[in-house]
Amino acid sequence: MREIIGGFSESGRYYAEIGVNGKVNVWDTSAGDLRHTYSPSGHLNSSVTCITWVQTDNTDLLCIGTQKGFIEFYNVASGSIQSKVNIQSKAIKSIYCTGKHLYIGSDDGYVVKFDLKTNKLEAKMKAGKMCTVAVLPDGKILSASREIKLWNFSSGELVHKFIGHKNEIRSLHIIEADKCYLLSSARDRFINIWSLSDLKRDPLASLVAEDNISSVYVHNMRNNITVTVTTESGTLHVFEHVLNGCVAHPLKPHGTLQIAVDNIKDEETVQMPIICSKIYDSVVYVAYGTRPFLAFENIKLQKLNKCTFIARQDPRKSKSVVGNYIINPNITDSKCIELKNNRSSNLPLETRLQNMSEEIENTVQTKGESIVHLLIQGLRSNDKNLLESALFVKDERTIDNTVSRLPLQSIIMLVRKLIRLSQDRTLVSSVSAKWLSAVLRIHSSLLLANPDVLETFLPLENVLSTRLNNFEQLGLLEFKLKALVDRLNFDKQDKEKEQDALLVYNDSDDEDKRTTDEEALLTFNESNSEDQSTSDEEEAMDIDLNGDDHPNILR
């Protein structure tokens, strides 16, 4: 489940969030219907980046920040824009309301103070890169990216830094008790609680969830705080903590809530993800289901003190009779089933893993839709593993499907990432080329409307020109190497032909002839040796008769 940008209104009557298409969707929590869908004018190049609720004269207004630096106040009751302000900055990153003022953080690193009554900009301060902002009761400013910075807004002086998160911080919550505290959360499993009075280096306490956090709400009763957390797997955690000092070990949830589809018997249990929560007067408001079909329910906080599992009808289906009773997704007093130390009755691990990747069973999704969420998470967190999992796709149809479903504010981020990948090794650059081709084909109008399009594509032009200049030389080198390999293979084949024969065959006639010749030669040699010995004997006899060679005997 993706990160939640939105939440419940101050009265709890409405729920709003930014959809994957860059538009704002507003639900009526009492009826459970999608009431409004809003996109700013020229949304192709001015999509919605952040929203927050503001209440003026008992009227719920939705404060909308856009990619072009505008703030729009949307009246949900009338379904129209009440006013519009140009902050004269880049994309709006965060909006924080203090009642009379709005503090607006933008992508160019400035925090702007806006008066809601006069509709005028009062002050401006440079705070650097930020993902979210918050304001203390004494007027000091908190800005956060990977670290939290405390600023003196009037002088622009940096007062203190809080370092304790590995990922980019997504939410800041000010807690006013005997002292002033800060609760921060990032896209991981941990929530840190800091002291703003003592300005200690380390957090006072940490809360740990079972999965990455998607939304956080804090309810304060003096020094007792209750924190409700929704995770990416669709589970609601409830933490309770007393702010009375440091805690050495991370605190685990006091209670847990999971919601499943009320199926017929003998059917596999399917979990419905809980998307967001808020506490009103000891009652927890929860939004659950699959967008855009959401349901809303009120559960008493005291019932969420253990592992709780409830079954509800799928919001995608209308009211229907099951057995002898009607299941209504909007129940004021919900009946909870407590699972006392019985973890085996929980949802199976396979279903939980599917929920983490937003591939919940019984939900009709294409392959492109699942990659969209993975790609958005990778672009926002700059996680290499997530980006590789999303981008290394061979099917061109899946690539087109994914690009067409990407929210508009993510297109430029994707293009810049793909251009950086095009400078990498051959395999990675070939993958980036496929995605760039799909983006240029599908979102050409958006890219042309972007004033920074030339600056964005300039690195790609340099890469292409360099590779084209070297293409002829590389082609010639490839030809030479191929010729060399062919020559080596040819020489190897010649050597194999010159080798001695492994088998020699002799004909039987040749063997008989060879035997006869050998016998004749042997007989001839024997006769010669006999003649020679006879001749030697006769010569010796002649010598004896003449007596020339034996004088001693004659004497």
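Select residues 162–197 of this predicted model. Over that stretch the chain is 61% strand and 0% helix, and the C-alpha atoms at its two ends lie 13 Å apart. The UniProt entry, which is unreviewed, annotates residues 162–197 as "repeat: WD".

Now show the whole chain as a cartoon. Eleven helices and 32 strands are assigned. Of the 555 residues, 44% are buried. If contacts are restricted to residues at least 6 apart in sequence, 48% of them join residues at least 24 apart.

**Ser143**

Go to strand β14, residues 141–144, and pick Ser143. Is Ser143 buried or exposed? Its relative accessibility is 2%, so Ser143 counts as buried, the cut-off being under 20%. Display side chains here: that of Ser143 makes a polar contact of 2.9 Å with the side chain of Trp151. Trp151 is also one of the residues that Ser143 touches beyond four places in sequence. The others in that set are Ala127, Met130, Thr132, Val133, Ile148 and Lys149.

**Ser233**

Move to the loop that runs between β22 (224–231) and β23 (236–242), where Ser233 sits. Ser233 has a relative accessible area of 3% and is therefore buried. Its side chain is joined to the side chain of Thr231 by a polar contact of 3.0 Å.

**Leu301**

The next stop is another loop, between β28 (293–300) and β29 (307–312), which holds Leu301. Leu301 has 14% relative accessibility and so counts as buried. Which residues does Leu301 touch, leaving aside those up to four places away in sequence? They are Thr226, Val238, Ser282, Val283 and Val284. For a distance to draw in the viewer, take Leu301 and Asp281: they are 20 residues apart along the chain, and their C-alpha atoms are separated by 9.0 Å.

**Two cysteines**

Select Cys131 and Cys307. Cys131 counts as buried because its relative accessibility is 11%. Cys307, with a relative accessible area of 15%, is buried as well. How many disulfides does the model contain? The count is zero, where a pair would need its cysteine sulfur atoms within 2.5 Å.

**Helix α6**

Turn to α6, residues 426–442. The 17 residues of α6 should span 24 Å at 1.5 Å a residue, and the end C-alpha atoms are 25 Å apart, so the two values agree. Colour the buried residues of α6: Val428, Ser429, Val431, Ser432, Trp435, Leu436, Ala438 and Val439.

**Helix α8**

Finish on α8, residues 453–469. Helix α8 has 17 residues. From first C-alpha to last it reaches 24 Å, close to the 24 Å expected. Where is the kink in α8 centred? It is centred on Pro459, with a bend of about 30°. Now select Thr456, Phe457, Leu460 and Val463, which are buried in α8. Show their surroundings: the elements covering the buried residues of α8 include α5 (411–421), α6 (426–442) and α7 (444–449). The helix visited just before, α6, is thus part of the cover over α8.

Technical notes
Residues are numbered from 1 along each chain as its sequence is written. This is a predicted model: local features need pLDDT of at least 70, side-chain atom pairs count only at pLDDT 80 or more; totals for chains, interfaces and linings use all residues. Side-chain values use heavy atoms; hydrogens and water are left out. Helices (H or I, at least four residues) and strands (E, at least two) are DSSP runs, numbered from the N terminus. Buried means under 20% relative accessible area, exposed over 50%, partly exposed in between (1.4 Å probe, protein chains only). A polar contact is a pair of N or O atoms within 3.5 Å; within protein, one must be able to donate a hydrogen and the other to accept it, and residues adjacent in sequence count only if both atoms are side-chain atoms. Contact means heavy atoms within 4.5 Å. The expected span of a helix is 1.5 Å times one less than its number of residues. The bend at a residue is the angle between axes fitted to the seven residues ending there and the seven starting there. UniProt positions are given in the numbering used here, feature names are shortened, and annotations may be inferred rather than shown by experiment.
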